Amino acid sequence: MNTNLNSVYTADAYFRLSREDGDKVESDSIVNQRALVKEFLKVHPNIQIYHERVDDGFSGVNFERPAFKEMLEDIKSGKVNCVIVKDLSRFGRDYIEAGRYIEKIFPYLGVRFIAINDNVDTASGINGAEEMLIPFKNLINDAYCRDISIKIRSHLDIKRKNGQYIGSFAPYGYQKSPDDKNKLIVDEKAASVVRQIFKWKIGGMSGERIAEKLNKLGIPTPMEYKHRNGENFQCGFRRKAVPRWQANGVNYILRNEVYTGVLLQGKTASPNYKVRKRTKKDEKDWIRCEDSHEAIVSKEDFQMVHSFFGNDTRVAPEEEILYLFSGFVKCGHCNGNMTRKSVPVKGKKYVYLVCIENKNKSGCTNNKGIPLEKFEKVILQVINLYIESVFELSQLLELADKVSYHGYFVEKIQESIMNKELEIEKKCQYASSVYQDYKEGILSKEEYLELKDYYKTNIEILQDEIKSLETEREETARNRKDQTGWMQQFIEYKGFKELSRELLARLVKEIKIYDKDRIEVTFKFKSEYEQG
């Protein structure tokens, strides 16, 4: 290595800035770094700048930076033999890697290294004290970066726990509030697409069919929608010049709880500030916040769709939607799925529901099918009867609520409130009589003031107790309303004349066929009905 300070050097000036490292934007800006290097070069005319290499927005915790790599290529190709930086922290914050470049790689390649503010210049020779000082400064830079990383992680966790959204881009269907970038608000245009996707799924369409329909309608994909709105959103799923909806993209939306107003964050993490690769955390360690933003779909619809993914709900190739009973009907003997079987008789086609396990000859004893047409009529009748019974129950509960003011418990709370109000009235009368006794000279001033404070304190305690009871009364009444709210879901279908996938999805949990004379229908909200 040529160590003559008067030799001519061709240098790359390297500049770096990253807020992630906690860099002070004003003092460490690229402009200020450049100005410092220019001032240094005025008194070192033997150093000529070949190129300025700038990594703006890249962390110093590793050396996988584009401009840094370009500088290394300049060195390897012999174009430069000197590197100038403002200080050691601009060069890098990993003390081991920084030390390896400064102490081993650059000397081996004959490269002069200059860190202006740290008074490091390898061409002037490094004495024992400086040799100890350089790794120590690199260690301080590394520790500073580690401290900043811990603080940032802690700050982000606090934001997550407070229900603040910290993602770079809002999920499809939402946008960041212009008043608060950590708050999600509904993007009504995209939200209408999300609602329709859920509606189609509940109606019996598969992810593939929904994607096809969206493409036919010319609905832009989430990525394309963000691009059209001026967002620089990128993902790893784009394969074609014109992106198209795919089943996995549709299913991702259908599985995303964010649309119910829930924020699930902190699903992945990196081991430490030096490792960029992120790994998935255990679900118990995710940070969950309910009702952090406005929901696009109801929790009931989301849970309904979520349950579909566990059932066998494949759509036949020639069909657009699922068969009416797909995923709902089970064999009462082996719990296997019941499937359609067509039987041609004298030019006519008769459709039966048969156990798939018997059809596959795996030993199920349920070897008799049930005619589909007859089955549909039976189920139609059963559901209508159940809806009618739910309606009658709701009427009875409504009448009972009117008579008993939402039940015995609420009635007792109201009674307690009235008793305490009477006590307050008595205390006020006592306080008034005490004052009269004082005026008439029966009580001294000290006795009067003591009794006055006593009654005042008692009245305030009773008033607080009444407020607490009123809150409890309202909460109980509200809970009563919530407990009976499920009924409306059934009553909406009162008097229907035809079965549909959506109706079955909303009302029926499962149907079991034992034989043509024994069919069991399990409705949703069974426990609520029985408690009603």
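## Starting from Ile513

Let's begin with a single residue: Ile513 sits in strand β16. Keep in mind that the whole model is predicted.

Is Ile513 buried or exposed? Its relative accessible area is 2%, and because the cut-off for buried is under 20%, Ile513 counts as buried. Across the strand pairing, Ile513 stands opposite Ile519 of β17. There is also a link to a stretch of chain far off in sequence: Leu353 lies 160 residues away from Ile513 along the chain, yet their C-alpha atoms are separated by 9.2 Å.

### The sheet around it

Now zoom out to the strands. In general, strands of a sheet pair through backbone hydrogen bonds, in either a parallel or an antiparallel way. Here, β16 covers residues 508–515 and pairs with β17 in the antiparallel sense, over six bridges. These two belong to an open sheet of three strands, ordered β12-β16-β17, and the pairing in the sheet is mixed. Which strands form the edges? They are β12 (329–331) and β17 (518–523), and each of them pairs on one side only. On average, neighbouring strands in this sheet are turned by 25 degrees against each other, direction ignored.

### A pair of helices

Elsewhere in the chain, helix α7 and helix α9 pack against one another, with their axes 8 Å apart and an angle of about 105 degrees between them. Angles from 65 to 115 degrees count as roughly perpendicular, so that is the label for α7 and α9. Here is who takes part in the contact:

| Helix | Residues in the helix | Residues making the contact |
|---|---|---|
| α7 | 207–216 | Gly207, Glu208, Ile210, Ala211, Leu214 |
| α9 | 247–255 | Ala247, Val250, Asn251 |

Sorted by class, the contact of α7 with α9 has five nonpolar residues, two polar ones and one charged one.

### The whole protein

Finally, the overall picture. How many helices and strands are there? The protein has 17 helices and 17 strands. Of its 532 residues, 40% are buried, and Ile513 is one of the buried residues. Take the contacts between residues at least 6 apart in sequence: 65% of these join residues at least 24 apart. As for the outside, the accessible surface comes to about 31,500 Å², and 50% of that belongs to carbon and sulfur atoms.

Note on methods:
Residues are numbered from 1 along each chain as its sequence is written. This is a predicted model: local features need pLDDT of at least 70, side-chain atom pairs count only at pLDDT 80 or more; totals for chains, interfaces and linings use all residues. Side-chain values use heavy atoms; hydrogens and water are left out. Two strands pair if DSSP finds at least two bridges between them. Helices (H or I, at least four residues) and strands (E, at least two) are DSSP runs, numbered from the N terminus. Axes are lines fitted to C-alpha atoms, for helices over the stretch in contact, and angles run from 0 to 180 degrees between N-to-C directions. Buried means under 20% relative accessible area, exposed over 50%, partly exposed in between (1.4 Å probe, protein chains only). Contact means heavy atoms within 4.5 Å. Accessible areas come from the Shrake-Rupley method with a 1.4 Å probe; for residues, only the protein chains shown count as cover. Angles under 35 degrees count as roughly parallel, over 145 as roughly antiparallel, 65 to 115 as roughly perpendicular and the rest as oblique. Ala, Val, Leu, Ile, Met, Phe, Trp, Tyr, Cys and Pro count as nonpolar, Asp, Glu, Lys and Arg as charged, and the others, Gly among them, as polar.
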